[in-house]
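Here is a set of short exercises to work through with the sequence and the coordinates open beside you. Try each task on your own before you read its solution.

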Amino acid sequence: MNASDNWSELSAYADLSALPPDIDRIEVWSKLTPEQKREERFKRWLAPDVEFISPEAEKLYKERTTRFIKAIKLEEPDRVPVLLPSGVFPAYYAGMNLQTVMYDYDKLKEAYLKFFNEFEMDSCTGPGLVLPGKVLEMTGHRLHKWPGHGLPDNISLYQYVEQEYVKADEYDAFLENPTDFWMRIFLPRVVGAFEPFRKLAPFSGMMGIPIGYYASLGNPDVEAAFKTMIEAGKETLKWLKVVAEVSRISLTVGIPNFRSGSISGAPYDMIADILRGTQGAIMDMFRQPDKLFEAMEKLTPMAIRSAMARADASGSPVVFMPLHKGNETFMSPKQFETFYWPSFRKVLMGLINEGLVPYPFAEGKYGARLEVIRDLPRGSTVWNFEEIDMARAKKVLGDSACIAGNVPVSMMHTGTPRDVKEHCRKLIETCAPGGGYILTGAAGMNQGNPDILRAMMEAAKEYGVYK
Amino acid sequence: MDNVKNWKELTPEQKREERYKKWLAAPGVKFKNKEAEKLYKERVTRFIKAIKMEESDRVPCMLPVGYFPAYYAGYDLKTVMYDYEKQRDAWMKFMDDFGDMDTFMGPGLVLPAPALEMIDHYMHQWPGHGVADNVAAYQFVEREYIKADEYDKLIQDPTDFWLRTFMPRQAGAFAPLARLPHLTAFVGIPLFYLASFADPGIQQAYRTMFKAGEEVMKWMDTISVVGREAIERGYAAFGGGFSGAPFDMLTDMCRGTTGIIMDMYRQPEKIHEAMERLIPIAIEEAVSLADAALAPLIIMPLHKGNKTFMSPKQFETFYWPSFKKLLLGMIDEGLVPLPFAEGDYIPRLEVIQDMPRASMVWYFEYMDMAKAKATVGRNNCIAGNLPVSTVIMGTPQDVKEGCRKLIKACAPGGGYILSASASVDTGKIENLRAMMDAAKEYGVYK
């Protein structure tokens with residue numbers, strides 16, 4: 001199978017298909033319990049539709065995937081699995097940088113394949129978040145700065161550009177007609193090339209023929225914006241093909257993808273990050289909490305559906321969910337329990353009920369949230385922590401969810417491989433007993449000493465074996 | 001109406017007055033001569049006074065000119081649907097030949113057939129395309145385009161519903177749009193949705209939409225050339241936009257008559273929720289249309305609320321409340337709704353009379369106009385309803401006599417626009433002249 005030429009398979013990465021054929025084929029899918037659905041997804045994860053390069057690769061793939069599955073199920077695998085916190089390290093390891101691999105997809109592929117060849121790992125961070133620079137550029141994307149575009153060329157990160165893109169009195173526009181809001185209000189503000197969408201007529205099929213809408217398409221600016229959209233679509237597809245190919249190759253050599261192609265998050269973050277900004281959302285908590293709740297309620301099923309569509313298209317059932325504004329520094333425990341957790345839990349439960357495995361990455365300090373977030377079905381979720389007392393995390397969540405973390409990024413950048421190995425030993429001693437632990441970083445290491453990553457792997461093999 | 005200071009703070013009456021001022025002033029119009037300008041103002045004033053329930057110099061007249069100019073020029077509907085030049089020439093000829101009339105109906109309802117063909121439009125049949133070449137009307141193709149269990153799509157996200165569910169079923173060229181993702185990527189990095197635009201089928205659908213858009217623009221150029229000419233010659237601008245009743249939008253476009261009747265029994269709350277969703281969208285659409293036009297009148301053809309389709313109780317439960325809300329929403333924006341009540345509306349008079357005074361025009365087809373005057377007509381302007389059969393088949397004398405009776409019944413005190421029960425496509429120009437003559441002869445207020 002040549003993935004790079006298969007439109008329908010690639011389109012799956014783009015959230016195009018509701019359910020992939022093989023999930024559909026399980027006739028009684030809708031009658032299965034969440035646990036049964038998860039088991040079906042685990043089976044799929046264990047048996048990807050690829051040709052392994054060797055029986056050895058196939059054996060390794062199954063061993064590694066099994067290691068993750070057991071950790072998720074709070075069982076003891078053969079040893080603690082390692083998710084290498086490799087960020088965009090493969091680019092730097094190959095002598096390139098983020099900017100290079102954002103613009104040159106061949107180099108992107110070259111870098112990641114080199115990394116797969118030269119490192120041992122159970123899994124790592126894939127290239128799916130190395131955004132396509134050309135697409136961002138041709139569309140005039142304003143939500144991020146990236147190397148060479150608002151940031152110096154040699155920076156290994158993006159800078160998110162938070163603003164009050166949506167005003168306090170615009171909740172109703174979103175609530176009443178989300179796609180209209182997205183197209184005519186939101187996109188013109190965050191994507192330069194789509195500014196002309198402001199001039200689109202309100203779209204309605206009520207009179208049978210949306211003549212006004214067609215006529216607004218006759219505006220040359222609007223037409224140019226759609227043309228850019230299509231060109232950007234082609235470019236995005238080129239990039240997706242490479243990402244899909246890299247991830248397929250990783251499978252053939254025996255490295256499972258831990259994260260699926262799906263990404264989701266907490267409804268509060270969607271509002272605080274993308275729409276209202278941190279400040280705006282905080283004001284809304286006091287001034288118009290009802291609107292905030294309504295909007296989160298509206299986003300919840302959208303978040304579930306979109307995560308599902310893309311996860312269904314992937315082998316792995318793990319849905320990555322970066323969390324932002326719910327940590328200790330942004331809100332009080334009461335605010336967390338009132339504004340953040342209820343709708344977030346609904347998204348989590350929506351995914352869990354479909355047999356998916358939410359993988360929230362709790363950025364920042366999350367210790368004070370542990371007692372609240374424990375309230376989820378056993379063995380359904382993987383929590384990746386950044387700043388936390390892992391002993392307490394193990395104590396509070398240990399009998400409910402798999403935990404992952406949290407070698408400090410500072411240590412990965414400035415410490416010795418020995419420091420890292422020693423830190424990993426302590427983490428394993430604290431978190432591994434009884435299963436339910438994945439060794440990984442507090443965040444990704446984008447640049448640095450390759451031996452740091454090797455030290456993590458060594459530690460898992462040396463200290464993480466279950467007997 | 002962004003140019004009006006403090007627009008948002010004005011009362012509905014003040015907004016309407018602002019819109020009347022614009023209608024009268026016709027900003028941007030270069031009249032042919034002083035006389036044309038004078039006539040324009042007289043004619044517009046005639047309509048405004050009628051709407052305001054005041055007596056003007058005489059009863060204004062809205063001639064039932066449908067596709068008549070096409071046939072009068074020796075063409076037919078089919079010809080002018082495909083050939084915009086002939087369309088323009090026909091309407092210009094009619095304007096030249098007819099002379100004095102209060103308003104002039106342009107070819108805005110002659111749909112551009114090339115655009116319909118391009119998109120493989122399913123919802124209408126037109127001459128040469130589903131109906132015979134010489135037919136002077138469209139045939140609406142009513143179907144259950146939307147299934148009984150699809151209300152939630154509309155309720156949750158109307159634009160998404162139109163884009164991904166309705167459009168692909170409404171026109172063959174838009175079938176691929178069903179493959180679009182839900183375009184609300186508020187999670188993570190909004191990029192993946194772009195990839196769907198690389199789908200060749202979706203690209204083709206958009207290319208076709210643009211080609212159709214360009215075609216629609218060509219046709220609209222014709223309409224605006226004719227429309228501008230009419231105004232420059234002093235005919236009153238009239239239509240400011242089109243809309244309809246929420247119940248009809250659901251019935252005609254989505255569920256079909258049979259489907260919606262089932263829903264009235266099986267899932268009435270879904271009908272109500274969906275109609276509720278449509279109201280603000282219809283208001284926004286009407287406002288944006290009227291803002292771009294001179295006149296504030298929103299023409300609203302009504303279908304499934306008449307006597308033959310539903311009981312009084314059903315009308316009061318399903319049809320009227322959401323429709324009234326939409327009317328009031330438009331009125332709040334200073335618009336003047338002009339519902340055209342197709343079919344028998346006599347049993348509806350008591351219900352629909354409950355509207356703010358001098359805020360709208362009710363245009364009736366089948367109606368006891370004396371009764372209308374005594375109910376709806378006490379508060380609001382009414383229009384109608386010389387039978388089109390008389391206009392087509394009668395003598396000029398018959399027409400004049402019919403108009404005289406109508407004027408006698410409806411004109412006293414103001415608040416009446418002389419018009420027919422529908423439009424005519426074929427027939428004698430003398431009968432149209434007879435109508436105009438009747439207004440001038442019998443309709444003068446003293």
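## A strand residue and its surroundings

At 28% relative accessibility, B:Gln125 is partly exposed. Please keep in mind that this model is predicted.

**Exercise 1.** Locate B:Gln125 in chain B and find which residues it touches, leaving out those up to four places away in sequence.

*Solution.*
- Step 1: Begin with the secondary structure, where B:Gln125 belongs to strand 2 (residues 124–127) of chain B.
- Step 2: Now check the accessibility. Buried means under 20% and exposed over 50%, so the 28% of B:Gln125 makes this residue partly exposed.
- Step 3: List the contacts beyond four places in sequence: B:Gly130, B:Val131, B:Tyr138, B:Gln139 and B:Val141.
- Step 4: Take B:Val141 from that list. It lies 16 residues from B:Gln125 along the chain, and the two C-alpha atoms are separated by 6.9 Å.

## Unusual backbone geometry

**Exercise 2.** Which residues that are not glycine have a positive phi here, and are they buried or exposed? Work through A:Leu74 and B:Met53.

*Solution.*
- Step 1: Recall the background: most residues other than glycine have a negative phi, and most peptide bonds are trans.
- Step 2: A:Leu74 has a positive phi of about 60°. This leucine sits in the loop between helix 4 (55–72) and strand 1 (83–84) of chain A, and its relative accessible area of 9% makes it buried.
- Step 3: In chain B, the phi of B:Met53 is positive too, at about 65°. B:Met53 is placed in the loop between helix 2 (34–51) and strand 1 (61–62), and 10% relative accessibility counts as buried.
- Step 4: For the peptide bonds, look at the one from B:Gly384 to B:Asn385, which is cis with omega near -25°. B:Asn385 is part of strand 9 (residues 381–386) of chain B.

**Exercise 3.** Stay in the loop that holds B:Ser56 and describe the surroundings of this serine.

*Solution.*
- Step 1: B:Ser56 is in the loop between helix 2 and strand 1 of chain B, and its relative accessibility of 10% counts as buried.
- Step 2: A polar atom of the B:Ser56 side chain lies 2.9 Å from the backbone oxygen of B:Arg58.
- Step 3: Not counting residues up to four places away in sequence, B:Ser56 touches B:Arg46, B:Lys49 and B:Tyr445.

## A helix and its ends

**Exercise 4.** Compare the expected span of helix 12 of chain A with the distance between its end C-alpha atoms.

*Solution.*
- Step 1: Helix 12 covers residues 220–252, 33 residues in all, and at 1.5 Å a residue it should span 48 Å.
- Step 2: The end C-alpha atoms are 48 Å apart, so the two values agree.
- Step 3: At the start of the helix, a side-chain oxygen of A:Asn219 comes to within 2.7 Å of the backbone nitrogen of A:Asp221.
- Step 4: After the helix comes A:Gly254, with a positive phi near 100°.

## Cysteines and aromatic rings

**Exercise 5.** How many disulfides does the structure hold, and why does A:Cys402 have no bond to A:Cys431?

*Solution.*
- Step 1: Over all chains, the count of disulfides is zero.
- Step 2: A disulfide needs two cysteine sulfur atoms within 2.5 Å.
- Step 3: The closest cysteine sulfur to that of A:Cys402 is in A:Cys431, 9.9 Å away, so it is too far for a bond. A:Cys402 is buried, at 0% relative accessible area.

**Exercise 6.** The structure holds 52 aromatic pairs over all chains. Classify two of them.

*Solution.*
- Step 1: Planes under 30 degrees apart count as stacked.
- Step 2: A:Phe194 and A:Phe197 have ring centres 5.2 Å apart and 20° between the planes, a stacked pair. A:Phe194 is buried at 0%, and A:Phe197 is also buried at 0%.
- Step 3: The ring centres of B:Phe315 and B:Tyr319 are 5.4 Å apart with planes at 15°, so this pair is stacked. B:Phe315 and B:Tyr319 are both buried.
- Step 4: Both residues of the chain B pair, B:Phe315 and B:Tyr319, lie in helix 13 (residues 312–332), four residues apart, about one turn of the helix. An α-helix has 3.6 residues a turn, so residues three or four places apart point the same way.

Key:
Residues numbered from 1 in each chain as written. Chains lettered and ligands numbered in written order. Predicted model: local features only at pLDDT ≥ 70, side-chain atom pairs only at ≥ 80, totals over all residues. Heavy atoms only, no water. Helix = DSSP H or I, 4+ residues; strand = E, 2+ residues; numbered from the N terminus. Buried < 20%, exposed > 50% of the residue type's maximum accessible area, 1.4 Å probe, protein only. Expected span 1.5 Å × (residues − 1). Polar contact = N/O pair within 3.5 Å; in protein donor to acceptor, adjacent residues only side chain to side chain. Contact = heavy atoms within 4.5 Å. Phe/Tyr/Trp six-rings, centres within 6.5 Å; stacked < 30°, edge-to-face > 60°.
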